[in-house]
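User: Please take a close look at the cavities in this structure, and in particular at what surrounds the main one. A connected account suited to a first-year student would be appreciated.

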Amino acid sequence: MINVAVLGYGTIGAGVVQVLQKNADSIESKAGQKIVVKRILDLRDFPGDPNENLVVHDYNIIKEDEDIQVVVECMGGVNPAYTFVKTALEQGRSVATSNKELVAKHGAELIGIAREKNANFLFEASVGGGIPIIRPLTQCLTADVIEEITGILNGTTNYMLTKMDEEGSAFDDVLKEAQQKGYAELHPEADVEGFDACRKIAILTSLATGKQVDFEDIHTEGITKITAEDFLYAKALNSGIKLLATSWSEDGKYFAMVSPMMVEKSHPLYGVRDVFNAIFVHGNMVDDTMFYGRGAGKLPTASAVAADVVDCVKHLGTNIKINWSPEKLELEDISACKRSFFVRTKAGTEEESIKESFGDVTFVSVDGIDEKAFVTGIMAEADYTAAAEKLGTVIQMIRVNE
């Protein structure tokens, strides 16, 4: 029998306990041993909860309990999660977590400690919730050089953009609706400003390259400036608008960014709607693959955490190698990236002035909108910035996903 401690009895932590208990027989047959939740750490009491007798308020109780072999961290945030997880690993206990902030900030260090102690630090649920993506990158695709990862990695923003697309709603209205449905927090900056997706693409890029990618180095833009009018233009261009987190290599150099992008209907990510997530991966041998599913939610995320617990149990005393070193990967400045740009300019802007600044462009119009809009040819980000400053009448820019 393997005893597990769960840190945090919120939405995900409670989900993990539910999965481990409800599917106990199936999990035992796959893990080879019975898995029992022995302790739950939380500051709160849960009177009437079937697991209320398992709840403790002091981590030291778990730390000093020699019967606990696996720790599940579902607290969120960096502190005190980092301290508790590091302590558990240094004791030789394996850890499974859903905490993207912790993994993005300290993943390389915690993987290193786990390796030294013949334990494991697993984090499938930190990116994509219930979508398997960490194992494919660290196991299934290890024979490939990963040349691109592009994903819709935040369900809240994808839900909001879907509503704006389908109903013509304004940003503020769909944000309010997302908050009412529980998809968005009261303070939604992590989602709508792109920070959540940024941490996730940092994790995926670190795994793909084997080096530390600092999320602070990734150019990040959110969806707060996207309007209903932008979607009218997108439809005219046979496209949609998605918040994409992407990283890619060119001639041995690595780039990464998070921003809204025009996505053509022919692209597999175009059809990813509502709260669903998807990750598109291009390898130099396997070519194109895509992973799709519910990127968040209590039970999908908990299922991924519980699967990591099973892996920890199956590999007690044996480290599962994850190639992620503390050596920092220096990302290239996005100013050198080349792509097309969709641009809207103020009413009255002359076409000749646009061509003088941007060169050959393809104009696009929408009935009832009195302005000049166009798609540029392929150009560097730095050249776009210079052209926009020269023209002086740009009111919106959305990158075009090539």
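Analyst: The largest cavity has a volume of about 50 Å³ in this predicted model. A search of the whole structure finds three cavities of 30 Å³ or more. Rolling a probe the size of a water molecule over the atoms shows where empty space is left.

The lining of the largest cavity is made up of Ile-111, Ala-114, Arg-115, Asn-120, Phe-121, Leu-122, Asn-319, Ile-320, Lys-321 and Ile-322. By character, these lining residues divide into six nonpolar, two polar and two charged. Two elements, helix 5 (100–116) and strand 6 (121–122), each supply at least two residues of this lining. Helix 5 provides the largest share, three residues.

A second region, helix 8, may be examined for its buried and exposed sides. Helix 8 spans residues 171–180, and its buried residues are Phe-171, Val-174, Leu-175 and Ala-178. These buried residues lie on the same side of helix 8, because they cover an arc of only 105 degrees around the axis. An α-helix has 3.6 residues a turn, so residues three or four places apart point the same way. The buried residues of helix 8 pack against helix 7 (155–167) and helix 9 (189–192). On the face turned away from the buried side, helix 8 carries the exposed residues Asp-172, Lys-176 and Gln-180. Just after helix 8 comes Gly-182, which takes a positive phi of about 85 degrees.

How values were computed. Residues are numbered from 1 along each chain as its sequence is written. This is a predicted model: local features need pLDDT of at least 70, side-chain atom pairs count only at pLDDT 80 or more; totals for chains, interfaces and linings use all residues. Side-chain values use heavy atoms; hydrogens and water are left out. On a 1 Å grid over the protein atoms alone, a cavity is a set of points where a 1.4 Å probe fits but cannot get out, and a pocket is an open set with protein on both sides within 12 Å along at least five of seven lines; lining residues have an atom within 4 Å of a point. Grid points are joined across faces, edges and corners, and a volume is the space filled by probe spheres set on the points. Helices (H or I, at least four residues) and strands (E, at least two) are DSSP runs, numbered from the N terminus. Ala, Val, Leu, Ile, Met, Phe, Trp, Tyr, Cys and Pro count as nonpolar, Asp, Glu, Lys and Arg as charged, and the others, Gly among them, as polar. Buried means under 20% relative accessible area, exposed over 50%, partly exposed in between (1.4 Å probe, protein chains only). The arc is that of the directions from the helix axis to the C-beta atoms. Contact means heavy atoms within 4.5 Å.
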